[in-house]
Amino acid sequence: MAKRDIVKIVTEVPGPKGRQLYTEMEQSVPRGVGHLTPVAVSHAKGATVTDVDGNTYLDFAGGIGTLNVGHCPDEVVKAIKDQADNYLHTCFHVLIYEPYIRLANKLNTITPGQFPKKTMLVNSGAEAVENAIKIAKYHTKRYGVLSFLEAFHGRTALTMTLTGQMQPYKYNFGPSIPWVYHLPYAYCYRCPCGQSYPSCELACVKYVEQVFNSVISSDAIAALIVEPVQGEGGFIVPPKEFLPELYKICKEKGIVFIDDEVQTGIARTGKMFAIEYSQIEPDMLLTAKSLGGGTVLSAVTGKAEIMDAPHAGGLGATFGGHPVSCQASLAALDLIDKNNLIARSMSIGDKMKRAFLAMQEKYPIIGDVRGLGAMVALELVKDRATKEPAPKESALIRKKCYESGLIIIGAGIHANVIRILVPLVITDEELEEGLSILEESFKSI
Ligand SMILES: Cc1ncc(COP(=O)(O)O)c(C=O)c1O
């Protein structure tokens with residue numbers, strides 16, 4: 001067993017206080033509100049979490065990508081406290097305030113696109129998606145929406161419909177919202193068209209022509225919404241031509257191109273936004289998760305002419321763009337600059353990929369290693385030739401990890417992907433210790 005300097009497991013996991021909280025949770029919270037590790041937090045800092053029994057873990061899950069600047073950075077905590085001393089809430093629709101306007105300006109500046117932009121702030125990723133689709137429909141006076149297989153856009157009625165995963169998100173939750181059509185994503189490890197890249201000549205993109213010819217006319221489509229790297233779908237990184245080709249179709253057909261950067265954005269992939277790798281300028285870009293530096297916040301940023309389409313009062317939310325969240329976000333975005341977290345994301349990603357490729361040579365269960373910047377995943381298979389998914393083994397590895405002090409989560413339509421969303425403030429020492437725990441878990445199964 002490698003040396004453990006950071007992780008400290010002093011009880012069985014979960015410990016007595018954690019187990020007690022779990023029992024209470026099972027009595028008071030519905031089971032549908034799933035949870036991924038039986039760890040009850042007491043406090044957290046940077047890339048470490050301490051539970052109610054005094055065990056300290058390394059956090060490779062980062063609140064599912066909400067903690068790119070880490071747990072409780074001093075500057076973000078100070079911004080929150082300072083704002084709480086001034087005013088907590090007015091509702092932006094009643095009294096406007098500076099933090100909202102400053103953050104809107106900042107997002108209009110840092111998102112790609114050499115055109116005038118506007119930003120509205122809401123609360124969750126799903127709410128950003130809902131609003132983007134509303135605005136695109138209003139602007140185009142069309143009502144169809146294109147989305148992708150394996151996509152994840154949220155859990156509200158519309159965003160659940162846009163999502164391209166049956167379990168656990170859609171199953172048994174009733175009829176979908178009409179006029180949403182799913183296209184194949186470029187999941188090259190499991191090509192939906194049964195071909196190989198590059199000889200496929202992007203058959204997945206060409207499939208949209210069949211949809212236009214036989215299902216819905218392109219002039220009835222308001223928007224196409226796409227994740228530049230599919231997150232919940234299993235960190236699926238498409239070939240470089242995929243997004244530009246989709247964008248070209250959108251431009252030809254007058255379809256609003258919506259870039260969902262809820263998971264990929266805010267320095268996660270080695271760029272501020274993953275779409276920057278494609279050098280295209282999305283009509284709308286959605287952020288949430290790490291935008292709030294650990295607080296509740298999401299944003300729709302888009303071309304001013306599109307964003308301004310809906311009438312006054314047609315958009316908004318009582319708590320949208322909460323002043324405490326806006327101040328936390330401004331502090332978090334400053335930290336990304338000050339601490340060069342975009343470059344750090346790249347170096348963390350390189351380190352992880354090198355370690356995972358070395359593990360892949362030793363452990364046949366690792367079928368694929370993929371990712372962009374510090375958004376890296378391992379897809380586990382029972383057999384590399386058949387690519388039969390290994391969901392049970394993936395769950396077992398995650399269990400062994402948290403028992404040894406590493407919090408790590410899964411993803412993927414077959415529940416067989418292990419994904420890493422470490423806080424970008426993680427030190428090299430912490431990263432290496434976490435990777436050694438992960439490797440020991442592979443060794444032990
Ligand atoms: C790409 C993407 N869009 C939308 C959402 C929904 O965000 P929220 O859970 O904040 O509603 C998520 C959440 O994981 C996501 O990854």
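1. A residue is called partly exposed when its relative accessible area lies between the buried class, under 20%, and the exposed class, over 50%. In this predicted model, Lys8 has a relative accessible area of 42% and is therefore partly exposed. Lys8 belongs to the segment before helix H1 (16–28). Its C-alpha atom is separated by 8.3 Å from that of Gly54, a residue 46 positions away along the chain. When neighbours within four places in sequence are left aside, Lys8 is in contact with Gly54, Asn55 and Thr56.

2. The overall dimensions of the chain may be considered next. For 445 residues, the expectation for a compact globule is a radius of gyration near 22 Å, and the chain agrees with it at 22 Å. The C-alpha trace spans about 60 × 60 × 45 Å along its principal axes. The secondary structure consists of 13 helices and 16 strands.

3. On packing, 58% of the 445 residues are buried. Among contacts with a separation of 6 or more, 73% are between residues 24 or more positions apart. The accessible surface amounts to about 19000 Å², and carbon and sulfur atoms contribute 55% of this area.

4. Helix H5 (residues 125–140) has 16 residues and, at 1.5 Å a residue, should span 22 Å; the C-alpha atoms at its ends are 23 Å apart, in agreement with that value. Its buried residues are Gly125, Ala126, Ala128, Val129, Asn131, Ala132, Ile133, Ile135, Ala136 and Thr140. As a general point on such patterns, an α-helix has 3.6 residues a turn, so residues three or four places apart point the same way. The residue that follows H5 is Lys141, with a positive phi near 55°.

5. Thr161 lies in helix H6 (residues 157–162). Its relative accessible area is 4%, so Thr161 is buried. The side chain of Thr161 reaches the backbone nitrogen of Ile177 at 3.1 Å. Apart from residues up to four places away in sequence, Thr161 touches Thr156, Lys170, Ser176, Ile177, Val180 and His182. One of these, Val180, begins strand E6 (180–183).

6. Glu276 is placed in the loop between strand E8 (256–260) and strand E9 (284–287). With 27% relative accessibility, Glu276 counts as partly exposed. A polar atom of the Glu276 side chain lies 3.0 Å from the backbone nitrogen of Phe273. Glu276 is also in contact with Pro112 and Lys271, its neighbours within four places in sequence being left aside. Thr111 is 165 residues from Glu276 along the chain, yet the C-alpha atoms of the two are separated by 9.0 Å.

7. The structure holds 0 disulfides. Cys72 takes part in none, and the nearest cysteine sulfur, belonging to Cys326, is 19 Å away. For Cys326, the closest cysteine sulfur is that of Cys91, at 12 Å; a disulfide requires the two sulfur atoms within 2.5 Å, so this separation is too far for a bond. Are Cys72 and Cys326 buried or partly exposed? Cys72 is partly exposed at 40% relative accessibility, whereas Cys326 is buried at 0%.

8. Certain backbone angles deserve inspection. In general, most residues other than glycine have a negative phi, and most peptide bonds are trans. Cys72, although not a glycine, has a positive phi of about 50°. Cys72 is found in the loop between helix H2 (62–65) and helix H3 (74–86). Lys387, likewise not a glycine, has a positive phi of about 60°. Lys387 sits in the loop between strand E12 (375–383) and strand E13 (388–389) and is partly exposed, with a relative accessible area of 26%.

9. Which residues are joined by cis peptide bonds? One such bond joins Val13 and Pro14, with omega about -5°. Pro14 lies in the segment before H1, and Lys8 is placed in that segment as well. Another cis peptide bond joins Tyr197 and Pro198, with omega about 5°. Pro198 is located in the loop between strand E6 (180–183) and helix H7 (203–214).

Technical notes:
Residues are numbered from 1 along each chain as its sequence is written. This is a predicted model: local features need pLDDT of at least 70, side-chain atom pairs count only at pLDDT 80 or more; totals for chains, interfaces and linings use all residues. Side-chain values use heavy atoms; hydrogens and water are left out. Helices (H or I, at least four residues) and strands (E, at least two) are DSSP runs, numbered from the N terminus. The expected span of a helix is 1.5 Å times one less than its number of residues. Buried means under 20% relative accessible area, exposed over 50%, partly exposed in between (1.4 Å probe, protein chains only). A polar contact is a pair of N or O atoms within 3.5 Å; within protein, one must be able to donate a hydrogen and the other to accept it, and residues adjacent in sequence count only if both atoms are side-chain atoms. Contact means heavy atoms within 4.5 Å. The radius of gyration is taken over C-alpha atoms; the globule rule is 2.2 Å times the number of residues to the power 0.38. Accessible areas come from the Shrake-Rupley method with a 1.4 Å probe; for residues, only the protein chains shown count as cover.
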